[in-house]
Amino acid sequence: MECGAVRVAGIGFRGAATVDDLAEALALAGAADALATDRRKAGAAVMLALAARTGLAVRAVDVSGTATPTASARVTEAFGTGSVAEAAALVAAGRNARLVVGRVVAPNGMATAAIAEGDGA
């Protein structure tokens with residue numbers, strides 16, 4: 001990671017996901033300096049519980065219109081992007097953001113995570 005770069009874990013999840021589901025997806029993706037998700041999901045109890053468990057702040061971002069390498073038709077219809085996890089990571093990582101870990105899926109399919117690095121601005 002470059003000096004001054006921030007590493008953000010984007011998190012996507014289904015409504016019935018548990019904090020353990022989110023934690024499993026995050027563990028598959030790797031270490032991060034912050035968490036991010038779509039603004040409509042940022043206040044969800046499981047997201048806040050993940051933040052408390054990890055000690056990482058949650059960045060609420062607008063993912064709509066963000067291009068992602070992977071795409072789900074359901075997610076595209078609901079959020080205007082192919083992957084909430086990838087888009088949230090990219091937007092929250094700031095200028096010059098790039099994915100360093102593409103979308104990974106929790107074993108039960110209830111949560112996803114991706115990691116992006118950027119300058120955080």
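Here is a friendly conversation about a predicted model, its helices and its salt bridges.

Visitor: What should I know about the model and its numbering before we start?
Guide: Welcome! This is a predicted model in which local features need pLDDT of at least 70 and side-chain atom pairs count only at pLDDT 80 or more, while totals for chains, interfaces and linings use all residues. Side-chain values use heavy atoms, with hydrogens and water left out, and residues are numbered along each chain as its sequence is written, starting from 1.

Visitor: How many residues of helix α4 are buried?
Guide: Two terms help here: helices (H or I, at least four residues) and strands (E, at least two) are DSSP runs numbered from the N terminus, and buried means under 20% relative accessible area, exposed over 50% and partly exposed in between (1.4 Å probe, protein chains only). Val-84, Glu-86 and Leu-90 are among the buried residues of α4. Helix α4 spans residues 84–93 and is largely enclosed by the rest of the structure, because the buried ones number nine of the ten.

Visitor: Which elements do the buried residues of α4 pack against?
Guide: Contact means heavy atoms within 4.5 Å. One helix is on the list, α3 (73–79). The strands on it are β1 (6–13), β2 (34–38), β3 (58–61), β4 (98–105) and β5 (111–118).

Visitor: What is the phi of Gly-94, just after α4, and what is that of Asn-96?
Guide: Gly-94 takes a positive phi of about 85 degrees. Asn-96 lies in the loop between α4 and β4, and it counts as exposed because its relative accessibility is 68%. Although Asn-96 is not a glycine, its phi is also positive, at about 60 degrees.

Visitor: At what angle do the axes of α1 and α2 cross?
Guide: Two packed helices are described by the angle between their axes and the distance between the axes. Axes are lines fitted to C-alpha atoms, for helices over the stretch in contact, with angles running from 0 to 180 degrees between N-to-C directions. The axes of α1 (residues 19–29) and α2 (residues 45–54) come within 9 Å, and they cross at roughly 55 degrees.

Visitor: Are α1 and α2 parallel or oblique to each other?
Guide: Under 35 degrees counts as roughly parallel, over 145 as roughly antiparallel, 65 to 115 as roughly perpendicular, and the rest as oblique. The crossing angle is roughly 55 degrees. The two helices, α1 and α2, are therefore oblique.

Visitor: How do the residues of the contact of α1 with α2 divide?
Guide: On the α1 side the contact is made by Val-19, Asp-20, Leu-22, Ala-23 and Leu-26, and on the α2 side by Val-46, Met-47, Ala-49, Leu-50, Arg-53 and Thr-54. Ala, Val, Leu, Ile, Met, Phe, Trp, Tyr, Cys and Pro count as nonpolar, Asp, Glu, Lys and Arg as charged, and the others, Gly among them, as polar. By that scheme the contact has eight nonpolar, one polar and two charged residues.

Visitor: Which residues does Ala-23 touch, not counting residues up to four places away in sequence?
Guide: Ala-23 lies in helix α1. Its C-alpha atom is separated by 8.7 Å from that of Arg-53, 30 residues apart along the chain. With the sequence neighbours left out, Ala-23 touches Leu-50 and Arg-53.

Visitor: Which residues are joined into one network by salt bridges that share partners?
Guide: A salt bridge is a side-chain nitrogen of Lys or Arg within 4 Å of a carboxyl oxygen of Asp or Glu, and the count comes to five. Glu-117 in strand β5 meets Arg-7 at 3.1 Å, N to O. Glu-117 also bridges to Arg-98, with the closest N and O atoms 3.5 Å apart, so parts that are 19 residues apart in sequence are tied together. The network joins Arg-7, Arg-98 and Glu-117.

Visitor: Is Arg-98 buried or partly exposed?
Guide: Its partner Glu-117 counts as buried because its relative accessibility is 8%. Arg-98 has 46% relative accessibility, so it counts as partly exposed.

Visitor: Which residue forms a salt bridge with Asp-119?
Guide: Asp-119 is in the segment after β5, and its partner is in the loop between α4 and β4, 24 residues apart. Asp-119 counts as partly exposed because its relative accessibility is 29%. The closest N and O atoms are 3.0 Å apart, and the partner is Arg-95.
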